[in-house]
Structure formats: C-alpha cells, structure tokens
2 protein chains.
Amino acid sequence: MEPILIYDTTLRDGTQGENVTFTADEKLKIAMRLDDIGIHYIEGGWPGSNPRDIRFFDLAKREQFKTARITAFGSTRKPGIEAADDPNLTAIIQSDTPTAAIFGKSWPLHVQAIMDNTLEENLAMIADSVAFLKSRDREVIYDAEHFFDGFKDSPDYALDTLVAAFDAGADFLVLCDTNGGTLPHEVEGISRSVLERLNTRVGDGRPVKLGIHTHNDCGMAAANALSAINCGAVMVHGTINGYGERCGNADLTTIIPVLSAKMNRPCIPGEKLSGLKSLSRYVSETANIVPLNARPFVGHSAFAHKGGIHVSAIMKESRAYEHMNPETVGNQRRVLMSDLAGKSNVEYKAREMGVDLGANGFDSKTIVAAIKQMEDEGYQFDVADGSFQIMLEKFTEQFKPLFDLESFRVTIEKDKDLPCSAHATIKISVGDNHEITAAEGLGPVSALDNALRKALGNFYPDLDSMQLVDFKVRVVDGRDGTEAKVRVFIESRDQDQIWSTIGVSEDIIEASWHALADSFQFKLAKEARQAGKLPKPGSAVARNLKLGWSMSCIA
Amino acid sequence: MEPILIYDTTLRDGTQGENVTFTADEKLKIAMRLDDIGIHYIEGGWPGSNPRDIRFFDLAKREQFKTARITAFGSTRKPGIEAADDPNLTAIIQSDTPTAAIFGKSWPLHVQAIMDNTLEENLAMIADSVAFLKSRDREVIYDAEHFFDGFKDSPDYALDTLVAAFDAGADFLVLCDTNGGTLPHEVEGISRSVLERLNTRVGDGRPVKLGIHTHNDCGMAAANALSAINCGAVMVHGTINGYGERCGNADLTTIIPVLSAKMNRPCIPGEKLSGLKSLSRYVSETANIVPLNARPFVGHSAFAHKGGIHVSAIMKESRAYEHMNPETVGNQRRVLMSDLAGKSNVEYKAREMGVDLGANGFDSKTIVAAIKQMEDEGYQFDVADGSFQIMLEKFTEQFKPLFDLESFRVTIEKDKDLPCSAHATIKISVGDNHEITAAEGLGPVSALDNALRKALGNFYPDLDSMQLVDFKVRVVDGRDGTEAKVRVFIESRDQDQIWSTIGVSEDIIEASWHALADSFQFKLAKEARQAGKLPKPGSAVARNLKLGWSMSCIA
C-alpha cells in the first residue's frame, strides 16, 4: 500500500487549544521528539503572526532533522498587493524552511461576508501566493480552509480554489474541515468527488496529491481522516494528543497506530511505533496538561481490565479482550480491582505483588468476597495499589506493621477573618518504643502528615525521600443513603516509585489518616525489604518515573 | 427518517471504566435524569453479579419513568443447565424490568478456547436464554459480544448465533465491537452483509432490528455507531461522557446531537437537546471525574475561540467558525482572553439574581476582573450560584451579613483503633449579641455545621428546614503547580429550593467553613426577604426539586 505522510501541527494548530502554550525552546524539544519517531512534516508555527514562532524557526535552522521537513505556516497574500510585498509571505521565506504551508479561503461566505473581498481576487491571491513560494524553491502545501463547508455551499467555486493552487504549483492540496462539523460519510463523498473532478480539470501530468486536516467537534476527527485516506488522500494532518482549538485536531496518537497496526498502511517506521506512548506523555507534560487516561492506544487505561470475566479470559488468550498487543505502542496491560472483579483479578494482582494468597490457609474466594463488601462500603482499590497490597497481607495475616498508632489529636482554629491554623499531636509506638510529637501544617491532614513524619523520623531516617504528590477526596453515599462516607486517596512517591493508598470513613480526618498510615507503612515495608529485613515482593507496583511530577502540598 | 432508539449503559458498561463507580442511590438519580431527557432504554446493571445492582433495581421499581424502559443485564445461561435454573437469568426476572438484555458469544475463539464449550451448546444457550426471557414476557435485547471479531474469523457461525437469538424471539440483535478494534469501513461492510444475509435466512415476517454497541479503543466509537446506523441499525448503545472500560464506550453526548442536529435522525425529543450539557456535567460530578473540556458539543471548550481571526469573524457571522449554535446543546460560546465576553456574562447573571451591579457606583468591569482573579485562584462560580450571589453583593457593598464569626476551634481525636471523635466550639455575633456553643459531629465539618446551627438557632428558629445535601471536595493546583488548594462545594436545600456554595483554601476546614458560612447566609437572607426584611431578588437561583435527593450528613 502507498505510504501515508504524517503532518504534525501540534506546534501551530495545537497551541490554539485552551491552556496549550509552548515556549520556543519547548517547541524545539518537541520537534526533535517528533523527528525521532519519524514524523514527515512538522509545522512549527506562523512566523508572520508572533515573535515566538520566528524564534522557533531561528532555533530550528541550527538543528539537523533526520526525517522531518520543518514547515512554516501562513496565509495567502492580502488583497490588492503583490505576493512579494506581503509581510506574512516574506516571513515564511525568512524562516528558511524547506516547506511552506499556506491557507486560503474556499467558502464564498468567508471571501465575501467576512473578508469583503471578491471571488476572483481570492483566486488570484491563492495562485499568486503559491507561485511566489514556488519561485523561492519551497515545497508548497496548500490548506483549503473550510473546504467541506465551502464545497457544500458552492462546489464549483471550492474546486476552482484548488485548481488555482494546483496550477500555480502547489505540491499538496489539503482539504480542511476547519469547523469540525463534517461527518465521515460526507468527507468520503466530497473527497471522492474532488479527486474525480480535479483529475479531469488539471492535465499537466503532475499527480494531484490530497491531504486531510480535520477537527474533532463532532467526535469524528480521526474517522474523517480515515475516510479521506480511504478515498486516496496521501497526507494526514493532526496533533499529538489531539490538542487544538475547541475540541481539538485529529489525534496523531490514534491515527498513526490505526494506519500502521490496523490498516497496514506504512507511515512512521514500524520499529518507532513503540515510542508513541512516551511521545504522548512528553507532549502532555510539556504542555502541563493531565494526560487523558482513556486516550486510545496511549492512555493509562487503554489496556486496563476491570470485569472479572474479562480478566479470566485474557489470562487464557489476550486477544479475547484486547484488540492489539499494548506493547506495540509502548503501553501495557493493567488489571484493576473492583467489585466487578472476580477471583482471577485478585489472583492476578496478588501474583504481581508477590503476596501468597494461600499462605496461612486462606482461600482467595473469601478474600474476594471481603473486597466486594469493602467496595460496597466505599473502598475503591482499582486506583489504590498500595492499600490493596496491605489489605491482602492483612487478610492473610502476613502484614507486619512498622509502627502502631497510640493516639492523635488535630486542632483547627480560626479567629474572625484570619486564616485557619492547624496543628496535630501524635503518639505512636515502634516495637517497644513510644514517641509523641506535634507539628503544624497548612491544614489538618498536612499537620498530621508532618507530625507522623517527625515521629517516625527517629526510627526511620530514609523518609525524606518520600513525598505526598496528590490528595483526592470524594463523598460516597452509604449503603442506604442515610449517611455519607468520605473516600480519601493519597498518591505518594520516592526516588523510584509511585504508590497510592485509600481511606474511607464518615470522618474526613479519619479517612485521611488511614490513607496516610497505609502510605507510610507501604514505604517502610519497601525500605525494610530493600534492606533485606522483609521478603521481596513482585515489582509490578513499581512504575517508572520518567516524567517530572510537579510537587504539591496537601490539604 | 426512521427514529433511532438510544440505549444508555452508563450505569452498567460505564462503570467498567477506571474510577467510575456509582452507589445504588446515585444510579437512581442518574436514571431519573436520563429519563428526563428522553433516553429510550436505561441499562441499570447486572443483578446477577453484585448486590449494588440488585439494590438499584429494587429502588427503580418504586419510581415512575416517563420514557425510559429500565433494562436488566446478564449473560446467557451456563452450559449444561436449564435456563430456568440459571441464577443469572432468574436474577434478571427478579429485577422486574420490562426489558432484559443478555449477551452471548459470537466468536468461536471465546466459545472454544476460553469457555471450553462446543459451538452447538453455545447456540442452544443463546436460544434457550432468549426463549426463557420471552416466556416471562420480557422485551429481549440480544448483545452479540465480539460480533465483529467473530464475523471476521467465522462469518457463518457469527450469523448462526444471531439467527438463534432471533428465532427464539429476540426483539433486537445488537452487534458489539467489544474489543473496540474495528474501523468504520469494516463496521459498514459487516453490518450491510449481516442485514442482507439475515433477511434471507429468517422468514417469519418479523423485521430484523439491529443495534450497535461500540468501544473507543481506536478512537472510532461514535463513527462506528454512525456506520451501522447508516446501514440500517435502529438502536445505538453508549454512555454519557463515553465512560466505560479502557478507552470507553460510544459517547451519547456526541451521538445524540450528531443524529439530531447533523443527520436529521430523530432520537430524543428536539426540545430536550438543550439539556445535554447539564446532563453531561451531572454525570461527571456524580462520578467525581473532572469534565473533559474538549468533549465534543458539551465540553467547556467546545465553542471556545482563541485565535484573533476567528473571534473577529464570529462577531460578523457565527457559522464562520462554529459548526452549530452552541445553545442547541445547552452550551455557550466563549471568547478566551476577552473581558467583553466576561462582562456580558456577569451582567446577565446579576440581572437574573436581582443584584444591581451599578449600585453604590461600582463598575461591572472591575467586578469582572476580580471574578477572573478568583477563578484563576480556584473558585468556580458556574456551579455555585449561592456564593456567586453573595460575592456580587459583597463587591457592590450590598451584602448584609446576618451573623459574623468571632472564632471557632475544631478538634479531632483518635485513640488506637477506635473511631475518630470530632467536636467544635464556635463563637458568633448577631448584631450586638454574642453566642458561644459547642457540638459534636461525625467529622470536623459536621461538628462545625452542628455548632453553627446551634448558635444561630437562638436567633433564627427557621433553620430546621435547611439541610446540607451534598459535600464535594476537589484539590486544585495553584497558579504554578507548586501549591495545592482545596475547593469545597456544599449543596443545601430547604422545602422549596436548592443552592450551592463554594470555599477555596489550602486548608480543607477553612474552605469548608467558607462554603458553610455562605450557605447559612444565603438561607438567612432568603428568610429575611420572605419576612419582608430584605428586598426580594430574582428567582433564577431557585431550581426545581424534581429529584428525590437523598439526605446525607457531611464529613
């Protein structure tokens, strides 16, 4: 099959997304990563519109790109002037990129009602601008903005704009669904019609090469791109993680594996596909946007299994509930615990964690029943691996507490409009030793955390490497809705691992205490194991810490 | 065009999603909202698999649904037993729903390799189970699990399973892309082939009615559903917000507006479409999952414009950069970084609430800037009408506090494994009178609530009619991610109104206090107005109490 060219516009159209901004340096780093994975075109920005993008192209000139052609973006010339006099087009030339992309108007509504221009002058603007860029030896990609809306209103005129660009020498004609309102069957019908009609109208022997640029306003960006590809388009535009204005652009982390792994259409080199998840995380971290767990192929949940039936089946045959091998895109299978889970989920997790369920004569069926009961009361173990491991150990009487609580007292005081103050006193025992300490904090849980850390510090000096990185609270209804319980999640990390723990109670401080205590027990058990004082469990809880997590103090 | 039946499985397949859990009460509230908007089928759960779902069906029996048929889900009978003896099928019958949905195997891989069953017995299981449910007067929806994978491997056998279900009386045959690995052109080809071949093989005059159930593992769930609908499917399965296992199910908040507003296929009543955004938010709030800004149609960014060219164009002609009117789905246009948009929003809200922004010489521009500052710090007023009104009154110096805080102190104590105890002391002033009281509670906020209520009770005897019905906590990152703030929402009600208030602080107790104090101030101002002691505001804050809210005490 003919290969498909991947055109990334994360650095240009992606930054139209709400909350998406990159510095010129960040853009350069992302461009290097895109080049690494084998993207063919990288649209770096619109040098005619802002100084940051000019700086990006200055930086990019000094780099060697292996595969990617760096592309500068802009619009057709302004009405009534020469292309060579248009500052926007000259900024593209000054960017010194091998490829230039310019957009022009396809829709009479825009030409006439918005721009107050004539249809003829618009065609001349397209032709002149393309011809000017070609005269400066640029490869030219012509973006037909609002092509589908334009074609629905005035198919002949929309086609004329493409012919103007083609005849002036454009190398690619890209059909843009700028407003994102077009559906796959419409993209298919229009793309097919365009190719047929273009091939009869242009006749100099050059092939017409179509591209497709879609937005996700109807949730169809990726499907629309496929529709055009199935009709013969050879270039697809998109962004990493689908970042972009409104609902975003077509997500290349979806399109690339669909093309490579599902449709057998070559795009990036096959061996690079396994870098896709890491690229997705790199871009979301750089944009400082929480990665979407449910993102196809590359999301944290993309290969996560919760239902018991599903888990027992994948243990026999992974394709029973997995449409592909997660490792193809650098992702991995995860088994979640919940009351939808069966015995096989628990056994799978226990094995991962190195907990022997049969130890001390316990039956895993009893354990599953107990978990279901606890989840009914508000526990949720699918996102609390640390507490789950401790609970399995407690059930099977393998748990060795590394400290015990004697008592604590937390006091929060407020005077008129002054901020609250919080302090905590805690008494713990470690073996036969007792320790009582007090500490302040930004809130009650923070005070309790500080006091516990201080008390434990006398026995376990390694606690400095441990930090709480996330704290989540939610109210869950009780069994019959007459009382509310609070569920607290805490996520903690040290230099090489992240773990999460949970507490449930009617009292938010008690719930927080349980999550906090589990988190410290988990850390101390881990240290003890590394020092050879406890047996070593499986390593599956360990998650790689490739990314820079932003630290946050807790409530 | 023939109407499309909307089948919602948020409460069943949706809860397979990571982090998605609902209590039976929450399920009921969501079901009432789904019914309100005109969903045709609501799959409530799998009564044969867990006690929570049995409880949901018990609760649902007592309610009147206007449009929706409540549906109980389960599997075909186990191999080698009578359908009537299968506990999973009898649990469906005991759920007492008009409609039953059962899934069966379509793929020889599952029948043989996973279940260690024969192909013949699998067909008998399907036929017997459907016939059993039909004999108990249920409408039967047959979910052909892994249909597309099965059809690709063994088209004849996959078709045989459908014929078995149809001949036994199934009312709908639903083609499921369980693993989510199928692409739109494949769904189209297979659906078309199935309909042609089925119509030649079944001949008792009953029409074959197809449904489609898709998952988003390739980012194609919605597009796949459309492909099947374009081939003649008359029922579409999905979930609100696309919640579901791995990458989720087809998102009904996408499919419904695409069908109604883009394809002119009737599904829910046209006048209900504007409730879609609110439904989406309700479900995400109940699941306590941050709503996805980029979600098509209903996301906060779905109609947000950032680029300067786009903004000036939509001011001339909104369809220049909007594929539809945002109000159709209850959403609204947002212009980012423009204080014009903010100003008109605030003025609109103030008018609704009867607050005169110009009073005391204040300029609404200053107020807008202050609100933007607060929202930047973590406040979110779109879901806290009560606090928003108080804040507008404070800004314009129209706020008349009905009590003032002098001080409070909250103490939480825990001894070893005993439950925590919480008590609060509070001192307030009402005019020249001071009052100091103390109270216990199930947690610190509950203790504070009880103490404040006791203190106010001496001045305002009508407070008994006011109850706190919901309490939500979310951690919000600070401006630069180095410090965490906590946002607390409290929802309160009395006999005729629900109002919500908000507090933000690094200290969870302080944040709770602000939300609590606003809630009481709101209630007392309302009482004072009704007694003629304060002017009457607009009534827009008042919300209908259609739903049975479960009372719950707070953390």
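This report describes a sheet shared by two chains, the contact between them, and selected local features of a predicted model.

## The sheet across chains A and B

Six strands form an open sheet in the order β13(A)-β12(A)-β11(A)-β11(B)-β12(B)-β13(B), and their pairing is antiparallel. The edges are occupied by β13 (433–441) of chain A and β13 (433–441) of chain B; each has a single partner strand, so one side of each is left without a neighbour in the sheet. From one strand to the next, the twist averages 10°.

Within chain A, strand β11 (residues 404–415) and strand β12 (residues 421–430) run antiparallel and are joined by 9 bridges. In this part of the sheet, A:Thr411 is placed opposite A:His423 of β12(A). Between the chains, β11(A) and β11(B) also run antiparallel, with 9 bridges joining them. A:Phe408 has B:Lys414 in β11(B) as its bridge partner.

## Helix α16 and the chain contact

Helix α16 (residues 444–457) of chain A lies across β11, β12 and β13 of its own chain together with β11 (404–415) of chain B. Relative to β13(A), the helix runs at about 145°.

The contact between the chains involves 99 residues from chain A and 98 residues from chain B. On the side of chain A that touches chain B, β11(A) gives the most, with 11 residues. That side of chain A comprises 47 nonpolar, 24 polar and 28 charged residues.

## Helix α13

Helix α13 of chain A spans residues 343–353. Its buried residues are A:Ser344, A:Asn345, A:Val346, A:Tyr348, A:Lys349 and A:Ala350; a lysine is thus listed with the buried positions. Just after α13(A), A:Gly354 adopts a positive phi of about 75°.

## Positive phi outside glycine

A:Asn241 is a residue other than glycine with a positive phi, near 65°. This asparagine is found in the loop between β8 (235–238) and α10 (252–262) of chain A. A:Asn241 counts as buried because 29 C-beta neighbours lie inside 10 Å, and the cut-off for a buried residue is 20 or more.

B:Lys416 is likewise not a glycine, and its phi is positive at about 40°. This lysine lies in the loop between β11 and β12 (421–430) of chain B. B:Lys416 is exposed, because 10 other C-beta atoms are within 10 Å and a residue with 12 or fewer is classed as exposed.

Key:
Residues are numbered from 1 along each chain as its sequence is written. Chains are lettered from A and ligands numbered from 1 in the order in which they are written. This is a predicted model: local features need pLDDT of at least 70, side-chain atom pairs count only at pLDDT 80 or more; totals for chains, interfaces and linings use all residues. Helices (H or I, at least four residues) and strands (E, at least two) are DSSP runs, numbered from the N terminus. Two strands pair if DSSP finds at least two bridges between them. Axes are lines fitted to C-alpha atoms, for helices over the stretch in contact, and angles run from 0 to 180 degrees between N-to-C directions. Two residues are in contact if their C-beta atoms, placed from the backbone, lie within 7 Å. Ala, Val, Leu, Ile, Met, Phe, Trp, Tyr, Cys and Pro count as nonpolar, Asp, Glu, Lys and Arg as charged, and the others, Gly among them, as polar.
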